[in-house]
Amino acid sequence: MNSQPQLLHARTALYPRDRRSVAVARDLTRITLADWGLTQRSDDVLLCVSELATNALLHGVPPSRCFQLALTLATDGVLRVEVHDSGPGEIHPAHPSVGAERGRGLLLVAALADDWGVRERDPGKVVWCEFRGGGPS
């Protein structure tokens, strides 16, 4: 018997390099979570989508390119959020000063998600986060 969790649901969408894309990605995520019956951590998931999409727009999407949002739910209840872009593959959480207005996005993702990371792709990278126990409530 295969002990690896299987994919239960998946949804992806491409978004242009436009600041309005963050809100549209968040809306798709909200609708998807409702469709899949995931309500327990929806605020955390939505904030992480906003942060990852914003980072992709600011740092990873060259002019006339897009970023991709991928949402998957496995049979073990793990919800995975991925944002694919074509920017450089290395990222590091910032250490902003107390008064800084920017630089806390990945710190929020690290605090809210159960796990997160970055993997390379050609071109660019995938920044992802996971939420365990995200199965229908």
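**Note on a buried glutamate and the sheet around it**

1. Glu 130 is buried, with a relative accessible area of 17%, and its place in the chain is strand 5. As this is a predicted model, the points below describe computed geometry. The cut-off matters for this residue, because buried means under 20% relative accessible area, and the 17% of Glu 130 falls on the buried side.

2. What does the side chain of Glu 130 make a polar contact with? The partner is the side chain of Arg 80, at 2.7 Å, and the two residues also form a salt bridge, in which the closest N and O atoms are 2.7 Å apart. Because Arg 80 lies in strand 3 and Glu 130 in strand 5, this pair ties together parts of the chain that are 50 residues apart in sequence. Arg 80 is itself buried, with a relative accessible area of 18%. Leaving out residues up to four places away in sequence, Glu 130 touches Val 78, Leu 79, Arg 80, Ala 113, Asp 114 and Asp 115.

3. The pair belongs to a wider arrangement, since a network of salt bridges links Arg 80, Glu 82, Arg 119 and Glu 130. Across the whole structure, a search finds 9 salt bridges. One of these joins the side chains of Lys 125 and Asp 85 (2.9 Å, N to O); Lys 125 lies in strand 5 and Asp 85 in strand 3, so the pair connects parts that are 40 residues apart in sequence. Both Lys 125 and Asp 85 are buried.

4. Is Arg 20, which meets Asp 18 in a salt bridge, buried or exposed? The side chains of Arg 20 and Asp 18 come together at 2.6 Å, N to O, and Arg 20 counts as exposed at 58% relative accessibility, whereas Asp 18 is partly exposed, with a relative accessible area of 23%.

5. Turning to the fold, the strands form an open sheet of 5 in the order 1-2-3-5-4, with antiparallel pairing. Strand 1 (7-16) and strand 4 (115-120) are the edge strands, each pairing on one side only, and the twist averages 15° from one strand to the next. Strand 4 pairs with strand 5 (residues 125-131) in the antiparallel sense over 6 bridges, and Val 118 has Val 127 of strand 5 as its bridge partner.

6. Helix 1 (residues 20-35) packs on the sheet, where it touches strand 1, strand 2 (66-74) and strand 3 (79-85), and its direction makes about 165° with that of strand 1. Helix 2 (residues 42-60) lies across strand 1, strand 2, strand 3 and strand 5, and runs at about 10° to strand 3.

7. The largest nonpolar core has 28 residues, of which Leu 52, Phe 67, Leu 69, Leu 79, Val 81, Cys 129 and Phe 131 touch the most other members. Two or more residues each come from strand 1, helix 1, helix 2, strand 2, strand 3, helix 3 (105-112) and strand 5, and the largest share, 7 residues, is given by helix 2. Not counting its neighbours within four places in sequence, Leu 52 is in contact with Val 81, Val 83, Leu 106, Val 109, Val 127 and Cys 129. Val 127 thus appears among the contacts of Leu 52 and also as the bridge partner of Val 118, while Leu 79 is both a core member and one of the residues that Glu 130 touches.

Key:
Residues are numbered from 1 along each chain as its sequence is written. This is a predicted model: local features need pLDDT of at least 70, side-chain atom pairs count only at pLDDT 80 or more; totals for chains, interfaces and linings use all residues. Side-chain values use heavy atoms; hydrogens and water are left out. Two strands pair if DSSP finds at least two bridges between them. Helices (H or I, at least four residues) and strands (E, at least two) are DSSP runs, numbered from the N terminus. Axes are lines fitted to C-alpha atoms, for helices over the stretch in contact, and angles run from 0 to 180 degrees between N-to-C directions. Contact means heavy atoms within 4.5 Å. A nonpolar core is a set of buried Ala, Val, Leu, Ile, Met, Phe, Trp, Tyr and Cys residues joined through side-chain atoms within 4.5 Å. Buried means under 20% relative accessible area, exposed over 50%, partly exposed in between (1.4 Å probe, protein chains only). A polar contact is a pair of N or O atoms within 3.5 Å; within protein, one must be able to donate a hydrogen and the other to accept it, and residues adjacent in sequence count only if both atoms are side-chain atoms. A salt bridge is a side-chain nitrogen of Lys or Arg within 4 Å of a carboxyl oxygen of Asp or Glu.
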